[in-house]
Amino acid sequence: MTAFSYDLLSTDGTARRGRLHTAWGVVETPVFMPVGTAATVKGMMPESVKSTGASIILANTYHLMLRPGAERVGRLGGVRKMMGWDGPLLTDSGGFQVMSLGPLRKLDEDGVTFKSHLDGSKHRLTPERSTEIQHLLDATITMAFDECTPFPAEKTVAADSMRLSMRWAKRSRDAFVPREGYGQFGIVQGSVFADLRAESVAALGDIGFEGYAIGGLAVGEGQEAMFEALEFTTPLMQTDKPRYLMGVGKPSDLVGGVARGVDMFDCVLPTRSGRTGQGFTRRGPINIKNARHAEDNRPIDEACSCPACSRFSRAYLHHLFKADEVQGLMLLSWHNIQYYQDLMADMRAAIEAGTFAQFEKNFHAMQSLGDIDPLDP
Ligand SMILES: [Zn+2]
C-alpha cells in the first residue's frame, strides 16, 4: 500500500513550491483549502468551488460525527461521495472543536468526553475513535487526534499538553488504516516555546507520518508571535513532507506563512466573511454593506474573474446584502474563495520564478493602498 506522495519542486528562500499526489487528484502547493464544515462549503456548489481552482477541501469531524453521524456518512459512501466533491478531502480530528467546548468537555489520558452543542447528548473521542471516524468519512488526509493547547499557557502546562498529544499521535498512527493514495498527518504542538516545538517535531518524526501540521497557532497569540513560532518550527521539519498550518488565516497570514515554509492552509474566513459582507481585494478588504458602494458600478475587484466581479457591480451586491437576499452571500463567498485561490496561484508562480520576495513586497504595498474612493476620477 503506497500512501500519497509529495514532491518538493523548487524553493525560493524558505518558500516552497510542491506537488501532492493523492488517490483523488493532484494538489499544487502552497495551497489554500476551503472549509466545508458540515460537508458543504457554505453557499457554494462543489463545482463552483472547483472552478475557483480549489483542489482540496476540508470537513470537520466534530460536526459530522454529531450530525448526520459518522457511521451514516460511511454507509453513504463518505463525505466526498455524499457532497459530490470529486477531489481530495482533509478532515480535522475533532480535537480542536471539542477543546473549544470549555465546560462541556472533560479530558483524561485516554481521550475526551463532551456534550453535543446541538442537543446536550454525551459523546467520547479518543485517538482510536477519531481515526476510525475519519476513515468512515473517507478522508484522503486524516489528522492525528491532539489537544490544542490554549493560549496563553504556562510552559509546564504547554509541555504536559504537548506530551499528551504526542502519546495520542502514536495511538492515532497505530489506529490508521493505510489506503492507496491516502495519508495521515501528525500535529506539532508546544505553544510559543521553541524547545517544546522542537521536542514535538522530533517525537512525531519518530512515529512517522505522511505530512506534518503546525497546531496551536492562530489562537490569539497575534501574527507576530505566530510568525516567530513558524520561524523556529519549520526549519526543524522534514523537507520532503508537506507542512500544514491549521486554521490560518487572513491573506497576509498566508503570504507570511508561505514565506516561512508552510505548504497548506485552511480557514473559514473567506466564506464566513462572504456571509457577513466582507470582501477581500488586492487593495485590502471592503465592507459591501457600506453606503459608499450603493451606486458604485465597479466590480469588487477589477482583477478578479469570478462571476461576482465579471457580471455584477458592487452596487448590486450592496443591494442584495441590504435586502438580505441569499444570492448576495453566495456571490461574495464565491468571490472570496476565488481571491484566496488567485493569491495562492500567484505565490506558486512567484516561487517558481524566484521572485517571491518581490511578490511579498508588492502584496503589502497593494494592500496598504486601500480601496479606491468611488468619487475619485
Ligand atoms: Zn471576484
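Two residues count as in contact here if their C-beta atoms, placed from the backbone, lie within 7 Å. With that in hand, here are the close-ups, all taken from a predicted model.

**View 1. Asp-92, in the loop between strand S6 (89-91) and helix H5 (95-99).** Leave aside its neighbours within four places in sequence, and Asp-92 is in contact with Leu-58, Asn-60, Thr-61 and Met-143. The cut-off for buried is 20 or more other C-beta atoms within 10 Å. Asp-92 has 29 C-beta neighbours inside that distance, so it counts as buried. An unreviewed UniProt entry puts a "binding site" feature at Asp-92, along with Ser-93, Gly-94, Gly-95, Phe-96, Asp-146, Gln-189 and Gly-216.

**View 2. Gly-94, also found in the loop between S6 and H5.** Gly-94 is another of the positions in the UniProt "binding site" feature, again from the unreviewed entry. Gly-94 counts as buried because 26 other C-beta atoms sit within 10 Å. Not counting residues up to four places away in sequence, Gly-94 touches Thr-61, Tyr-62, Met-65, Leu-125 and Ser-130. Thr-61 turns up among the contacts of Asp-92 and among those of Gly-94.

**View 3. The largest nonpolar core, with its 105 residues.** Which residues have the most contacts inside this core? They are Met-33, Ile-57, Leu-137, Phe-185, Ala-213 and Phe-265. Helix H14 (residues 326-353) supplies the largest share of the core, 12 residues. Domain 1 (5-266) and domain 2 (274-368) each put in at least three residues. For a look at one of the core residues, pick Leu-137: not counting residues up to four places away in sequence, it touches Ala-59, Thr-61, Leu-64, Ala-70, Val-73, Gly-78, Val-79 and Thr-91. So Thr-61, seen beside Gly-94, is back again beside Leu-137.

**View 4. Strand S2 (residues 15-22), paired with S1 and with S3.** Start with strand S1 (residues 5-12), which runs antiparallel to S2 and is joined to it by 7 bridges. One pair to look for is Ser-10 with its bridge partner in S2, Arg-17. The S1–S2 hairpin has 2 residues between the strands, and Gly-13 in the turn has a positive phi of about 65°. Next comes strand S3 (residues 25-29), which pairs with S2 in the antiparallel sense over 5 bridges. Here Gly-18 stands opposite Thr-29 in S3, and a hairpin joins S2 to S3 through 2 residues. Why is S2 described as largely enclosed by the rest of the structure? Because 6 of the 8 residues of S2 are buried.

**View 5. Where domain 1 (5-266) meets domain 2 (274-368), as given by the domain assignment.** The C-alpha centres of domain 1 and domain 2 lie 27 Å apart. The contact takes 24 residues from domain 1 and 25 residues from domain 2. On the domain 1 side, the elements giving two or more residues are S1, S2, strand S4 (31-34), helix H1 (46-51) and helix H10 (251-259). H10 makes the largest contribution to that side, with 6 residues. By residue type, the domain 1 side splits into 13 nonpolar, 7 polar and 4 charged.

**View 6. Residues 14-365, which the unreviewed UniProt entry labels "domain: tRNA-guanine(15) transglycosylase-like".** Over this stretch the chain is 43% helix and 16% strand. The end C-alpha atoms of residues 14-365 are 21 Å apart.

Definitions and conventions
Residues numbered from 1 in each chain as written. Predicted model: local features only at pLDDT ≥ 70, side-chain atom pairs only at ≥ 80, totals over all residues. UniProt positions renumbered as here; feature names shortened; annotations may be inferred. Helix = DSSP H or I, 4+ residues; strand = E, 2+ residues; numbered from the N terminus. Buried ≥ 20, exposed ≤ 12 C-beta atoms within 10 Å, placed from the backbone. Core = buried A, V, L, I, M, F, W, Y, C linked by C-beta atoms within 7 Å. Domains from an automatic or database assignment. Pairing = 2+ DSSP bridges. Nonpolar A, V, L, I, M, F, W, Y, C, P; charged D, E, K, R; others polar.
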